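Dear colleague,

Please find below the sequence and the structure that I am handing over to you. My findings follow directly after it, and I would be grateful if you would read them with the model open.

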Amino acid sequence: HMFFEAERIAAIREMICSDTVEEREAALAKLEPMQQGDFEKLYEAMEGYGVTIRYLDPPLHEFVPTEEKDIELLANSQGKTVEQIKNIIASLHEFNPMMGHRGCRLAVTYPEIAAMQTRAVIKAAIAVSARKNVKIVPEIMIPLVGEIKELKYVKDVVVETADKVIAEAGVELEYHVGTMIEIPRAALTADEIAKEAEFFSFGTNDLTQMT
């Protein structure tokens, strides 16, 4: 994900600790150009070969600060008390965070995250297509889908956002939306999920762990 410079981590922490859509969208606005820059570099390096972008999938607890001074810094930047930030951090520790509130479920709760990433993916593809004169067909992977309704919900956000960016740019751009089969329920209901997914990939680490 290339998400580990200090300014990115600060923006992700702001996103995670936002109380309102407005706060979250302000943090996402900082992340979008960073993401677009990442994707442009990827497309350029791949020179027209296929690129699959797996959407944001952090176990949220991994991104919150643990040091007191970092917690204070985050509280100050968000206009919150240290106590409020500590409560948010405590609420993010799940019984099994590797399978909990992450992947597509993060985008179901906060569709604005999927919208931001879609804008970054599509804008990057349009920019590099024009700059390098290569045909780029982005493949957008919605992670950790366990059930068709999750995929359809997030895919609808992706398609609506992508089509809007493409129309505003006045270009033609093909893209595909798919998922990774990495949850047992997804493997067992793959025939249903296939009605909404344009491609599958398989993730055997999570699939093995959860099975």
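The buried residues of helix α1 are covered by elements that include α2, α3, α4 (82–92) and α6. The helix itself spans residues 6–16, and its buried residues are Arg8, Ala11, Ile12, Arg13, Glu14, Met15 and Ile16. Please note that this is a predicted model.

Helix packing

One of the helices covering α1 is α2. The axes of α1 and α2 approach within 8 Å and cross at roughly 145°, and α1 passes α2 in a left-handed crossing. On the α1 side, the contact is formed by Glu7, Arg8, Ala11, Ile12, Glu14 and Met15. The α2 side contributes Arg24, Ala27, Leu28, Lys30, Leu31, Met34 and Asp38.

Helix α2 also packs against α6, with axes that come within 8 Å and cross at roughly 30°. Because angles under 35 degrees count as roughly parallel, α2 and α6 are described as roughly parallel to each other. Here α2 passes α6 in a right-handed crossing.

Nonpolar cores

The largest nonpolar core comprises 37 residues. Within this core, the residues with the most contacts are Tyr43, Tyr55, Val121, Ile122 and Ile142. Two or more residues are supplied by each of α2 (21–46), α5 (104–109), α6 (111–132), β2 (139–142), α7 (148–169) and β3 (176–181). Which element gives the most to this core? That element is α6, with nine residues.

Valine 121 illustrates how this core is assembled from separate parts of the sequence: residues up to four places away aside, Val121 touches Phe39, Tyr43, Ile53, Tyr55, Pro138 and Ile140. A second core, separate from the one above, has 22 residues, and Cys17, Phe63, Ile71 and Ala75 are among them. In general terms, nonpolar side chains tend to be buried together in soluble globular proteins.

Individual residues

Isoleucine 85 lies in helix α4. Why does isoleucine 85 count as buried? Its relative accessibility is 0%, and the cut-off for a buried residue is under 20%. Leaving aside neighbours within four places in sequence, isoleucine 85 is in contact with Cys17, Ile71, Leu74, Ala75, Gln78 and Lys80. Among these partners, Cys17, Ile71 and Ala75 are included in the second core. Isoleucine 85 and cysteine 17 are 68 residues apart along the chain, while their C-alpha atoms are separated by 7.1 Å.

Threonine 118 is placed in helix α6 and counts as buried, at 0% relative accessibility. A polar atom of its side chain lies 2.7 Å from the backbone oxygen of alanine 114. With neighbours within four places in sequence left aside, threonine 118 is in contact with Tyr55, Val158, Thr161 and Ala162.

Aspartate 57 belongs to the loop between β1 (52–54) and α3 (68–78). Is aspartate 57 buried or exposed? Aspartate 57 is buried, because its relative accessible area is 8% and the limit for this class is under 20%. What does the side chain of aspartate 57 make a polar contact with? The partner is the side chain of arginine 102, at 2.7 Å.

With kind regards

Terms used:
Residues numbered from 1 in each chain as written. Predicted model: local features only at pLDDT ≥ 70, side-chain atom pairs only at ≥ 80, totals over all residues. Heavy atoms only, no water. Core = buried A, V, L, I, M, F, W, Y, C linked by side-chain atoms within 4.5 Å. Buried < 20%, exposed > 50% of the residue type's maximum accessible area, 1.4 Å probe, protein only. Helix = DSSP H or I, 4+ residues; strand = E, 2+ residues; numbered from the N terminus. Contact = heavy atoms within 4.5 Å. Polar contact = N/O pair within 3.5 Å; in protein donor to acceptor, adjacent residues only side chain to side chain. Axes fitted to C-alpha atoms, helices over the stretch in contact; angles between N-to-C directions. Parallel < 35°, antiparallel > 145°, perpendicular 65-115°, else oblique. Left-handed = near helix turned anticlockwise from the far one by under 90°.
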